Amino acid sequence: MLLRKAIIFFAAVVPLAAQGIPPNPTPAQVKPSPVADTAALSREALVWLAQLIQINTTNPPGNEQAAAKYIAGVLTREGITPELLEVTPGRSAVVARLRSSAISDPSRALLLVAHMDVVGAERARWSVDPFGAVMKDGYIYGRGALDDKSMLAANLAAIIALKRSNARLNRDVIFLATDDEEGGGDASIRVLIAKNWDKFAAGYALNEGGEVISKGGKVQYVAVQASEKVAVNVAVIAKGPSGHASLPTKDNAVVHLTAAVAKIGAYSAPVHFNTVVRRYFEGLAAVSDDEIGKWMRSLDASDRGEHAQRVIADANPQWASMMHDTVAPTMLSAGVRANVIPGEARAMLNIRLLPGDTIDVLLGALAKLVNDPQVRFEVQPNPGLAAPTSSLESDLYAVITKVASQEFAGAPVLPYQSPWATDSAQLRLHNVQAYGLWPFPVTDEDLARMHGDDERLSVASFNKGVAVLLTIVSDFAVTK
Ligand SMILES: [Zn+2]
């Protein structure tokens with residue numbers, strides 16, 4: 001706790017040089033694949049990461065334009081021509097391409113995607129300035145250190161390394177920095193694709209969404225996101241007569257709403273498995289302790305499958321989320337005065353559907369459960385769209401598996417269906433084999449800081465991730 005106070009004092013806009021980060025690093029020499037020295041490149045990429053963290057792109061409003069210009073500057077200095085694609089006034093994505101031949105074949109191209117915006121930070125709850133890029137105890141701290149500026153910096157490093165090495169490419173490599181990923185609104189990849197698909201059309205993509213989970217300094221497993229759940233917000237609306245609070249009646253909207261929310265909170269949707277989830281648990285069983293591993297192997301068993309599903313769901317909310325549609329009540333509103341019974345009370349549900357499940361079926365089940373004519377459900381605008389799963393047989397998936405297994409000392413590489421949404425769903429809807437590869441080894445404890453307080457990434461982990469990403473990209477796109 002004492003330490004925390006000292007850090008707050010120290011953190012007020014510390015220049016990069018004072019934190020041991022050189023402001024203008026000497027460019028690293030990277031040889032063609034296999035890449036020889038990634039250490040110098042990682043040091044440069046750490047500066048890009050720090051400077052990107054220092055550009056506040058909290059969404060809303062995003063202000064990604066400043067980050068876009070910064071990235072464009074880095075690319076231009078390397079002789080790579082960036083293009084700013086304005087999505088809405090003042091919000092631009094950045095795209096840049098290394099060509100493999102005079103005529104592009106989009107179906108072969110590899111797209112490296114990362115988003116520039118970040119979620120908000122509650123300054124008072126952080127031990128350092130969330131936008132200071134403070135270096136401490138071998139970590140870089142800051143909003144976006146995990147999500148997603150590390151990936152942005154690693155993607156920059158990959159395309160720059162290819163350019164510097166004059167690598168002969170067998171497919172175009174496209175860099176794309178997106179806006180409004182956290183908002184999913186008018187400046188998001190959905191709109192960017194609608195306006196500018198020809199600028200970055202690709203058959204393959206690497207994006208955030210996966211995980212490299214490390215424990216006690218050893219990588220336990222690598223999760224490669226091939227599919228994701230679908231987010232839908234639904235309002236629950238209870239109506240009743242409004243009136244004087246001295247004369248309460250049983251049809252009070254607040255009472256009906258809270259009873260409905262309590263029932264919804266206790267609801268557990270039916271279990272559904274797809275290939276990705278099956279293979280995830282099969283692989284994870286191999287590195288889990290005997291007891292939990294036994295249940296992971298039994299999820300499909302006709303006799304004890306149901307019990308196994310309950311054990312696994314209770315053991316870890318993320319595992320539960322991979323097997324079920326989930327419903328989380330997140331907002332409540334009712335009333336204007338303490339002595340007035342309101343005529344309406346509302347709750348918001350954040351629902352995450354398994355791909356393939358539909359909101360109508362789930363709401364049918366919830367309506368039956370609530371069983372109250374005073375309560376209705378209203379699906380909110382802009383629901384997520386279910387996308388096809390990326391192939392587990394593609395050339396890119398094979399390269400990711402091979403390189404990750406090699407780089408992480410034989411750790412199992414598992415396909416993963418993330419509970420959270422990423423830009424990849426929109427890409428998959430455009431026939432892109434998109435994989436969530438977030439190549440930085442992290443502990444569960446550090447991962448929990450994503451979107452939370454004191455978000456941080458260890459420098460060693462960042463360096464490793466830069467090297468892994470570059471190896472994958474080189475292996476896939478450079479002619480041997
Ligand atoms: Zn993200």
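Here's a quick walk through a zinc site, a hairpin and one buried leucine in this model.

Before we start: this is a predicted model, where local features need pLDDT of at least 70, side-chain atom pairs count only at pLDDT 80 or more, and totals for chains, interfaces and linings use all residues. Numbering runs from 1 along each chain as its sequence is written, and side-chain values use heavy atoms, with hydrogens and water left out.

Okay, the zinc. Its protein donors (N, O and S atoms within 2.8 Å of the metal, or 3.2 Å for Na, K and Ca; water is not among the atoms, so sites may look incomplete) are H115 through NE2, D147 through OD, and E208 through OE twice, at 1.9 to 2.6 Å. Along the chain that reads H-x31-D-x60-E. H115 sits in strand β3 (residues 110–115) and D147 in the loop between β5 (139–141) and α4 (149–164), so the pair ties together parts 32 residues apart in sequence. Helices here are DSSP runs of H or I, at least four residues, and strands are runs of E, at least two, numbered from the N terminus. Both H115 and D147 are buried, meaning under 20% relative accessible area with a 1.4 Å probe, protein chains only; exposed is over 50%, and partly exposed is in between.

Next, L469, in helix α15 (residues 459–477). L469 is buried too, at 0% relative accessible area. Leaving out residues up to four places away in sequence, L469 touches M151, A154, N155, A158, L206, L437 and P439, where contact means heavy atoms within 4.5 Å.

Last, the hairpin of β1 and β2: two residues lie between the strands, and G90 takes a positive phi near 85°.

Methods
Pairing = 2+ DSSP bridges.
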